[in-house]
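Please look over the sequence and the structure below before reading on. The paragraphs that follow take the chains in turn and then turn to the contact between them.

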Amino acid sequence: MAAGTALDAMAITTADDAAAQEFARVVERHRPQIFRFLLSSTRDMDLAETLTQECFLKAHRNWGSFRGESSAMTWLMRIAINLQKDHWRNRRMQFWRTTRTNSVDLDEASEWLPSGESSIEQQLLARERVKQVWSAVKGLSERQRTVFLLRYVEEQELREIAAATGLSEGTVKAHLSRAVARVRLELGGKR
Amino acid sequence: MKKFDDEANGLKERAVDAEDLELELALKNFKSSVHAWSDAAYRRPRAFTKEVRLRSWRLALGWALGCVLVAGSVSGGLLQRHHRVEQARIAAQQRAAEQRKQVREQQARAQVSDSDEVLLAGVDSDVARQVPSALEPLAQMMADDETK
């Protein structure tokens, strides 16, 4: 009986270790992507870092209840989106507190040029385009922005976006369409 | 006419294609830019300790200033109250001294008036009963007239 209890304890310990190792792998694999999404959503490095840490802390606490119905990435992204929503809601509620944010302005955000633009003209043009897209993204609603960033920065499929945001695929398509129209308008297109 | 329509449609399609191409390129650049920024931000050395220290200092400084303000306000209030009480005590002492002084003056005045009255009464009685010898004949004549 005692030997059985000891074996059970060892089995539990081994299972816990395995779960911890699995979670560590998930963190290592998905942390940069979660951070990138939060950075592009907030344009604030410190806030993105803080929310990323909170996201993985929350994920760690609930790791036992993760049943693998969606991918770990989708599950983590859902947590990140909710954290971000909570953050902005709290900021709106705490309007008496300082309204200063550390979000970088569009010029600074557009300074990160995609590699491979050889000539000065191409670099300037690329920077201008990036700035225009940032400007359009800034004008989007919170939901449209989330959907747009998940689609065009994180390159997620519509069903993944729907699972992460809790929206239907049709709604995701509608938000995405409006967001793209806004970007097109900002770029000077007619449609 | 049909040829003209075809050419117009072709131009429109090419313009739409060019727009789509530009949008596609802009989105591609945007994605690359965000990835580059995020990678750089992710790899940056964390200024966590410094930031935390700075925040701690700010917090401590804020608390210290707050405490100084509260202590200053409280001690200022207490000092003012003490000052008022002291002033009231001095004023009461002054009033009491003034009253005592007035009482003493009244008593002195009363004593003076009493002594004057006594002196005057003595003088009157002396003047009434004793006639100087130089006026004795005149007093005699007055007494004679009264008897007549």
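What percentage of the 191 residues in chain A is made up of buried residues? In this predicted model, the buried residues of chain A come to 39% of its 191 residues. Chain A contains 8 helices and 0 strands, so written as a pattern from the N terminus its elements read α-α-α-α-α-α-α-α. Among the contacts of chain A that join residues at least 6 apart in sequence, 62% are between residues at least 24 apart. The surface that chain A exposes is about 11200 Å², and 51% of that area is supplied by carbon and sulfur atoms.

Chain B has 148 residues, of which 8% count as buried. The secondary structure of chain B consists of 3 helices and 0 strands, and its pattern along the sequence is α-α-α. Chain B exposes about 12800 Å², with carbon and sulfur atoms supplying 61% of it.

Some individual places in chain A can now be visited. Helix α1 of chain A covers residues 2-42 and helix α2 covers 45-61, and Arg43(A) sits in the loop between them. The phi angle of Arg43(A) is near 55°, which is a positive value in a residue other than glycine. Is Arg43(A) buried or exposed? Its relative accessible area is 13%, and because buried means under 20%, Arg43(A) is buried.

Further along, helix α3 of chain A holds His87(A). Apart from its neighbours within four places in sequence, His87(A) is in contact with Leu47(A) and Leu51(A). The relative accessibility of His87(A) is 18%, so this residue counts as buried. Helix α3 (72-93) is followed by a loop that leads to α4 (106-109), and Asp105(A) lies in that loop. With a relative accessibility of 44%, Asp105(A) counts as partly exposed. Asp105(A) and Asp44(A) are 61 residues apart along the chain, yet their C-alpha atoms are separated by 9.6 Å.

The next topic is charged pairs. Side chains of opposite charge can pair when their charged atoms come close. Over all chains, a search of the whole structure finds 9 salt bridges. One of the salt bridges joins the side chains of Arg36(A) and Glu154(A), with 2.9 Å from N to O. This pair links distant parts of the chain, since Arg36(A) is in helix α1 of chain A and Glu154(A) is in the loop between α6 and α7, 118 residues apart. Arg36(A) and Glu154(A) are both buried.

In another salt bridge, the side chains of Arg67(A) and Glu69(A) meet at 3.4 Å, N to O. Here both Arg67(A) and Glu69(A) are exposed. A salt bridge is also formed by Asp86(A) and Arg89(A), whose closest N and O atoms are 3.3 Å apart. Both of these residues lie in helix α3 of chain A, 3 residues apart, which is about one turn of the helix. Asp86(A) has a relative accessible area of 30% and is therefore partly exposed. Arg89(A), at 44% relative accessibility, also counts as partly exposed.

What remains is the interface between the chains. On the chain B side, 23 residues are in contact with 34 residues of chain A. The size of an interface is often given as the accessible area lost when the parts come together. How much area do chain B and chain A bury between them? The value is about 2800 Å², with 66% of it on carbon and sulfur atoms. Within chain B, the residues that lose the most area to chain A are Phe30(B), Trp37(B) and Tyr42(B), which together account for 28% of what that side buries.

Between chain B and chain A the count is 2 salt bridges. The residues on the side of chain B that touches chain A divide into 12 nonpolar, 5 polar and 6 charged. Glu155(A) forms a salt bridge with Lys31(B), and the closest N and O atoms are 2.9 Å apart. Glu155(A) belongs to the loop between α6 (142-152) and α7 (158-165) of chain A. The phi angle of Glu155(A) is near 55°, a positive value in a residue other than glycine. Across the interface of the two chains, 5 residue pairs are found in polar contact, with both residues at pLDDT 80 or more.

Notes:
Residues are numbered from 1 along each chain as its sequence is written. Chains are lettered from A and ligands numbered from 1 in the order in which they are written. This is a predicted model: local features need pLDDT of at least 70, side-chain atom pairs count only at pLDDT 80 or more; totals for chains, interfaces and linings use all residues. Side-chain values use heavy atoms; hydrogens and water are left out. Contact means heavy atoms within 4.5 Å. Buried area is the accessible area (1.4 Å probe) that two parts lose on being put together, summed over both. A salt bridge is a side-chain nitrogen of Lys or Arg within 4 Å of a carboxyl oxygen of Asp or Glu. A polar contact is a pair of N or O atoms within 3.5 Å; within protein, one must be able to donate a hydrogen and the other to accept it, and residues adjacent in sequence count only if both atoms are side-chain atoms. Ala, Val, Leu, Ile, Met, Phe, Trp, Tyr, Cys and Pro count as nonpolar, Asp, Glu, Lys and Arg as charged, and the others, Gly among them, as polar. Helices (H or I, at least four residues) and strands (E, at least two) are DSSP runs, numbered from the N terminus. Buried means under 20% relative accessible area, exposed over 50%, partly exposed in between (1.4 Å probe, protein chains only). Accessible areas come from the Shrake-Rupley method with a 1.4 Å probe; for residues, only the protein chains shown count as cover.
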